[in-house]
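Work through the exercises below with the sequence and the model open. Each task is followed by a solution in steps.

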Amino acid sequence: MRDIRDETKEEENSKTKAAIWKYSLGLNCTIESSGVNSSGHSCPINSVEVKEATLDNGRNHHATDASFIRRAADLSEMSAGLTSPHPNFGCVIATPSGKVAGEGYLYAQGTKSAEALAVEAAGEFCRGSTAYLNMEPGDCHGDHTAVSALVQAGVGRVVVGIRHPLQHLRGSAIREMRSHGIEVNVLGEDFQSKVLEDARKCCLLVNAPLIHRACSRVPFSLLKYAMTLDGKIAASSGHAAWISSKLSRTRVFELRGRSDAVIVGGNTVRQDDPRLTARHGQGHTPTRIVMSQSLDLPEKANLWDVSEVSTIVATQRGARKSYQKFLASKGVEVVEFDMLNPREVMEYFHLRGYLSILWECGGTLAASAIASGVIHKVVAFIAPKIIGGSKAPSPVGELGMVEMTQALNLIDVCYEQVGPDMLVSGFLQPVPDLLPVIPSEDATFEIDPSVNPFESSIIFFYKTWDLYGSFSNFSPHPIRMPYGDDYRTWSSVEHYYQANKFVGVKNPLSHDCVEKIRTAKSPEEAALVGRSKQRQQPELVRSDWEDVKIEVMYMALKCKFSTYPHLKTMLLSTAGSVLVEASPHDLFWGGGREGEGLNYLGRLLMQLRSEYLGESSVSAENTSLAL
Ligand SMILES: NC(=O)C1=CN([C@@H]2O[C@H](COP(=O)(O)OP(=O)(O)OC[C@H]3O[C@@H](n4cnc5c(N)ncnc54)[C@H](OP(=O)(O)O)[C@@H]3O)[C@@H](O)[C@H]2O)C=CC1
Ligand SMILES: Nc1c(N[C@@H]2O[C@H](COP(=O)(O)O)[C@@H](O)[C@H]2O)[nH]c(=O)[nH]c1=O
């Protein structure tokens, strides 16, 4: 029996090249013999490489789990391009002794689930086995097929690489499997280690387009270009066929096959008359998109032949109506934009359900796309050729940067030799991590155990004009609170809170501060006075301020939410969600830019909410007893 760690190391060494390429496509996974039969998507136990592992301690468990999760990610990726807009799903079923009993992957949207295929392949070996899923199944159609397959087959444990990125599906399959007594472990939640973290990253990368879609309003975009060693993407005449080798161009066909659309600018159409098809004989062919403001495009072009694959021209509203008619007569769809820029166009295609876009434009449009922040990844083929020419185009046009310190640094950079060319790839923007950014997680769940760190939605509030802006201390809701022996009206919670810093100090200047803050014309002014006085004259601040400030705030919030019933209703409507004051600067009351803040304001609101919910359940109980 061999140690799985050695096995993994050997595999990785021998497959480094392939892995690098795969990574450059968006994956960070080792490539193994597929183990997938010719009919498509699953294998019985005796036809795949048998893996054995020593399961004698936690570390080996981690290595085994990581290895199978990476395999599930690899499998899931086999149909990339065909599943869109669904995720890429892969499933490996392993016996208790660590042998692969069955595998499956989602072939295309609407086909049998990866889990069902793996269960079929594993047959009787499913009972008591562990199923490895790169991603929690989603249940778009309410038929629970993936979960049912695992439950009915008697799978004992399920290891999930990442939770489903879409909020409405996130956590449901995991809950359902657990409710059937299956032990479910999610990487990064139940246990953590470097090897599992790497496996988790594979799972994030394999579905990067969907994860981006879940977190932003644009599809995942990859900018690809081929350039000479002296940084040109064409000769000064505009001629560019070809810079990169045939082998590299075959790789480009693969990239196209994984994308929902390929996009070029008007100049590339005029200069190259491209086809932009994925000419590898099978698989998915992406839509072709042309961005042209002028619509000064040729009448004859390969892209206007839509017999096999469609073309969409995105243009400026009102541009060359007669030419638009001509395109329509060819079957080319024309979409007009008020502002033709990469962001607007990407937001539009996001709404149309596109997950991944391959940009194969020249430097003019590439610069515009990078500047507008829509490009996530860059893939450059560098050919060992020199063409020269001061006017020859380069891959990225004007970005307005003047110092090297402004250069955009790629992350997770990979290098691979492809025939004579060098392929360099890396991310301009990281794949968003799905782990929650909830400030002070532990404390939050102590306050309100009903919220789950990995499933609850987070409601951010900050500025008063935001959706939940009324939760802000700056919201214009006056409160009546005690002051000395009397009650006073304070224009906002912020007024009351800031003034209390100086209350009870036997110094007339402190009293002046209180009055100045109380009569401040706006919460902003109250905050300014309170903060600057505290900084400049700390002797005016009450000595117990640090001990009482949370209580002061809590009393003020309680008064505000009790005074205004609609605010209380709004607070109750957020039950189950984590409340975070999205202040990037205030690391005590706010959540900070990346969850590093303590979020005391959010915590107090959740505490208040819990109390209100407790009161309402008691009163409901009393009512039902009375009836
Ligand atoms: N080696 C390689 O990998 C590649 C090389 N090339 C080469 O590059 C050259 C063309 O490069 P380039 O001129 O930069 O062409 P682009 O592909 O970048 O096209 C630029 C055109 O895009 C259109 N456009 C629409 N909206 C915008 C916007 N917001 N910002 C910028 N452009 C927009 C305009 O078309 P319009 O004028 O119609 O309004 C503009 O003229 C050719 O010689 C071609 O062979 C091209 C692609 C890849
Ligand atoms: N010249 C150049 C590329 N150019 C890109 O490929 C397009 C042509 O695609 P097609 O008509 O489908 O073959 C062209 O318009 C441009 O976007 N690509 C590369 O990988 N290597 C190269 O050397």
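A polar contact is a pair of N or O atoms within 3.5 Å. The model is predicted, and the distances in the solutions are computed from its atoms.

**Exercise 1. Find polar contacts of ligand 2, and state how much of the ligand the protein buries.**

Step 1. Start with the nitrogen atoms of the ligand. One nitrogen atom of ligand 2 lies 2.8 Å from a polar backbone atom of alanine 240. With the cut-off at 3.5 Å, the pair counts as a polar contact.

Step 2. Go on to serine 244. Here the partner is an N or O atom of the side chain, 2.6 Å from a nitrogen atom of ligand 2.

Step 3. Turn to an oxygen atom of the ligand. An oxygen atom of ligand 2 is 2.6 Å from a backbone N or O atom of isoleucine 243.

Step 4. Add the area. Ligand 2 exposes 520 Å² when taken alone, and the protein buries 91% of that.

**Exercise 2. Describe the shell around ligand 2: how many residues surround it, and which element gives the largest share?**

Step 1. Count the shell. Ligand 2 is surrounded by 17 residues, and the closest are Ile243, Ser244, Arg275, Arg279 and Glu360.

Step 2. Assign the shell to elements. At least two residues each come from β6, α9 (246-257) and α10.

Step 3. Pick the main contributor. α9 supplies the largest share, 3 residues.

Step 4. Place the ligand. The space that ligand 2 takes is the largest pocket.

**Exercise 3. Repeat the analysis for ligand 1: which residues are closest, which polar contacts can be listed, and which element gives the most to the shell?**

Step 1. Count the shell. There are 28 residues around ligand 1, with Asn267, Thr268, Asp272, Ser292 and Thr364 as the closest.

Step 2. List contacts to oxygen atoms of the ligand. The side chain of threonine 268 has an N or O atom 2.6 Å from an oxygen atom of ligand 1. The backbone of glycine 238 places an N or O atom 2.8 Å from an oxygen atom of ligand 1. For glycine 362, a backbone N or O atom is 2.9 Å from an oxygen atom of ligand 1.

Step 3. Add the area. On its own, ligand 1 has 920 Å² of accessible area, of which the protein covers 88%.

Step 4. Assign the shell to elements. Two or more residues come from each of β6 (220-228), α10 (266-272), β8 (287-292) and α13 (363-371). Among these, α10 gives the most, with 6 residues.

Step 5. Place the ligand. The largest pocket is the space taken by ligand 1.

**Exercise 4. How many disulfides does the model have, and why is cysteine 91 not bonded to cysteine 126?**

Step 1. Recall the chemistry. A disulfide is a covalent bond between the sulfur atoms of two cysteines.

Step 2. Set the cut-off. The two sulfur atoms must lie within 2.5 Å.

Step 3. Test cysteine 91. Its closest cysteine sulfur is that of cysteine 126, at 8.5 Å, so the two are too far apart for a bond.

Step 4. Give the count. By this rule there are 0 disulfides.

Step 5. Check burial, with under 20% relative accessible area as the limit. Cysteine 91 is buried at 0% relative accessibility, and cysteine 414 is buried at 11%.

**Exercise 5. Where are the cis peptide bonds before proline 85 and tryptophan 242 located?**

Step 1. Take proline 85. The bond from serine 84 to proline 85 is cis, and its omega is near 5°. Proline 85 is in the loop between α3 (58-76) and β1 (90-94).

Step 2. Take tryptophan 242. The bond joining alanine 241 and tryptophan 242 is cis, with omega about 0°. Tryptophan 242 belongs to the loop between β6 and α9.

**Exercise 6. Are leucine 276 and leucine 295, which have positive phi, buried or exposed?**

Step 1. Read the angles. Phi is near 60° for leucine 276 and near 55° for leucine 295.

Step 2. Locate the residues. Leucine 276 is in the loop between α10 and β8, while leucine 295 is in the loop between β8 and β9 (311-316).

Step 3. Compare the areas with the limit of under 20%. Leucine 276 has a relative accessible area of 3% and is buried. Leucine 295, at 0%, is buried.

Note on methods
Residues numbered from 1 in each chain as written. Chains lettered and ligands numbered in written order. Predicted model: local features only at pLDDT ≥ 70, side-chain atom pairs only at ≥ 80, totals over all residues. Heavy atoms only, no water. Buried < 20%, exposed > 50% of the residue type's maximum accessible area, 1.4 Å probe, protein only. Near = heavy atom within 4 Å. Polar contact = N/O pair within 3.5 Å; in protein donor to acceptor, adjacent residues only side chain to side chain. Areas by Shrake-Rupley, 256 points an atom, 1.4 Å probe, with all protein chains shown as cover. 1 Å grid on protein atoms, 1.4 Å probe; cavity = no way out; pocket = protein on both sides within 12 Å on 5 of 7 lines; lining within 4 Å. Sits in = over half its atoms within 2 Å of the grid points. Helix = DSSP H or I, 4+ residues; strand = E, 2+ residues; numbered from the N terminus.
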